[in-house]
Amino acid sequence: MKQIKEHFINGGFVQSIGTEVQNLYNPSTAEIIGTVQLGHKNDVDAAVSAAKRAFVSFSKTSLKERAEILDRLYRSVIEREKELNELAVLEYGSPLTATMGRTRAAAVSFLTAKEAMYEVQFKKEYENAIVLQEPLGVIGAITPWNANYVHICGKIAPAIAAGCTIVIKPSEFSALQTQLLSECFLSADIPAGIINVVNGTGAVAGGALVNHPDISMVSFTGSTSTGKIIRKQSTDLMKRVNLELGGKSPNILLDDCDLSKAIPLALQIAFSNSGQACHAGSRLIVPESRIDEIKILLIQEVNKLKIGSLYDADSVVGPMVNDIQFNRVQSYIKSGIDEGAELLVGGLGYPDGLGGWYVKPTVFVNVDSNMKIAKEEIFGPVLSVIAYETEDEAVAIANDTIYGLSGYISSASLERARKLALQMVSGRVIINRAVNIEPKSPFGGFKESGIGRTGWIYGIEAHLEPKVIAF
Ligand code: NAD
């Protein structure tokens with residue numbers, strides 16, 4: 001059993017000042033597999049001081065120097081890719097195939113930031129002025145547990161490309177994964193203080209970071225409710241915020257789509273990362289005229305999903321990350337039943353032969369947009385199917401949400417789907433696919449799904465402040 005007692009501060013591992021200890025679990029079995037010593041405000045202070053000192057010289061580095069650092073970080077993560085994957089299976093309960101993709105994506109984010117950095121206009125010269133884009137300062141980053149490596153590396157990469165230093169408070173439920181990733185940062189042998197990682201709870205370590213006067217921007221990925229607290233707390237010191245929050249994304253099937261492809265795709269969109277994905281297409285909006293075929297296919301395809309053997313290449317759905325998440329998903333399934341939705345497949349309790357924090361992949365039909373399972377982010381493998389009569393009605397249902405992170409459309413006609421996409425209030429709309437494969441595009445949400453963007457030059461520019469020298 002591994003005990004994590006240190007934070008990664010100023011280029012090395014230092015003993016935690018905080019003394020409180022939290023257990024770490026294997027979600028497949030609910031067994032304790034380690035402990036983490038949670039950070040105190042003073043641990044955060046030490047990390048911010050180190051980042052502030054490092055900022056003085058790092059903010060003046062050339063793009064070439066930053067590119068070398070980004071390359072080294074990429075290589076150091078790739079070197080330990082296999083171990084990182086194994087820990088994500090153990091501590092997060094991710095199917096191996098899924099985590100392999102995510103770990104690689106985490107490493108590649110350093111290369112993408114390096115490439116994007118050369119596209120950013122750090123300096124523009126006019127006849128009577130120079131417009132500079134200067135690095136903001138020390139970034140305070142707070143990340144969730146659902147794709148630990150992706151979120152941590154995804155915060156570090158644009159910060160470094162912009163010339164900022166960073167203190168990260170990762171999820172307290174991912175400490176084993178974070179420890180190994182921090183070891184990668186150590187072995188990358190980059191100047192001390194550029195990257196700092198403090199374990200701890202949201203309330204203590206997270207709060208200390210958000211309220212620290214030397215943090216220029218809080219870059220947060222997590223729930224909308226926490227995002228609102230962070231935004232309020234950032235107001236007094238007028239801190240910048242970049243908030244990547246929750247979603248309840250619609251997936252519209254147009255009446256011309258090939259259901260034999262669209263239904264498996266819809267399940268992939270809804271249940272990827274075991275449904276613990278901010279961009280999950282958790283509302284399936286379908287033509288009433290084809291509902292009978294859709295119901296048959298949904299039952300068939302859900303029953304084909306492989307659950308429980310995380311090391312099998314075709315394993316799709318793993319357990320929920322912890323008991324809080326397990327109970328949350330159960331309570332939503334119960335609310336769907338209580339509010340009168342039709343339980344098509346799945347339901348309450350464990351899948352056959354499994355324990356830990358596994359839940360049954362579940363599909364409800366006859367869902368009304370006012371039901372909790374249609375309105376609230378469940379963050380588990382629960383799909384709510386809502387029927388429409390006309391295309392206008394489909395768009396109205398899709399947009400009837402406080403969120404606006406992702407949208408999906410399946411159609412035989414790209415032209416028709418693109419026209420529909422223009423009407424969807426969403427940071428992105430993906431047609432006939434589960435993922436956006438364009439690395440040069442931004443990610444982020446409309447409405448309560450967040451503020452600001454990550455990805456490509458958009459993520460780097462979020463770490464810059466324009467400054468004018470006029471003459
Ligand atoms: P969460 O909001 O509970 O926690 C996220 C992080 O914030 C954790 O590190 C936590 O310790 C910290 N935190 C909690 N309270 C805090 C506070 N008062 N002050 C400062 N920090 C605090 O979210 P979670 O349960 O870890 O993750 C799931 C949520 O994250 C979902 O809502 C999901 O949609 C969202 N998410 C969004 C994206 C995106 O890019 N939009 C990506 C992944 C996850």
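Domain bounds, as I use them here, come from an automatic or database domain assignment.

**Ground rules**

I am working with a predicted model, so I noted that local features need pLDDT of at least 70, side-chain atom pairs count only at pLDDT 80 or more, and totals for chains, interfaces and linings use all residues. Residues are numbered from 1 along each chain as its sequence is written, and side-chain values use heavy atoms, with hydrogens and water left out.

**Entry 1: the ligand and its shell**

Where does the ligand lie with respect to domain 1 and domain 2? I found it between them, because domain 1 (2-245 + 446-470) and domain 2 (250-431) both give residues to the shell around it.

I then looked up who surrounds the ligand, taking a residue as near if one of its heavy atoms lies within 4 Å. There are 28 residues around the ligand, and Lys169, Glu172, Ser223, Leu245 and Glu377 come nearest. I sorted the shell into 12 nonpolar, 12 polar and four charged residues. In this sorting Ala, Val, Leu, Ile, Met, Phe, Trp, Tyr, Cys and Pro are nonpolar, Asp, Glu, Lys and Arg are charged, and the others, Gly among them, are polar.

Helix H7 (202-210), strand E11 (215-221) and helix H8 (224-233) each supply at least two shell residues. Helices (H or I, at least four residues) and strands (E, at least two) are DSSP runs, numbered from the N terminus.

**Entry 2: polar contacts of the ligand**

Here I looked for pairs of N or O atoms within 3.5 Å. A ligand oxygen is 2.5 Å from an N or O atom in the side chain of glutamate 377. Another entry on my list puts a ligand oxygen 2.6 Å from a side-chain N or O atom of serine 223. For threonine 143, a polar backbone atom is 2.7 Å from an oxygen of the ligand. The protein covers 87% of the 840 Å² of accessible area that the ligand has on its own, by the Shrake-Rupley method with a 1.4 Å probe.

**Entry 3: a sheet of seven strands**

Two strands pair if DSSP finds at least two bridges between them. I read the order of this open, mixed sheet as E17-E18-E19-E14-E13-E20-E21. Strand E17 (342-345) and strand E21 (429-431) are the edges, each with a single partner, so one side of each has no neighbour in the sheet. E17 runs antiparallel to strand E18 (residues 362-365), joined by three bridges, and valine 345 stands opposite valine 363 in E18.

**Entry 4: a sheet of three strands**

This open sheet is antiparallel, in the order E6-E7-E23. Three bridges join E6 to strand E7 (residues 129-135), and lysine 123 stands opposite leucine 132 in E7.

Technical notes
A polar contact is a pair of N or O atoms within 3.5 Å; within protein, one must be able to donate a hydrogen and the other to accept it, and residues adjacent in sequence count only if both atoms are side-chain atoms.
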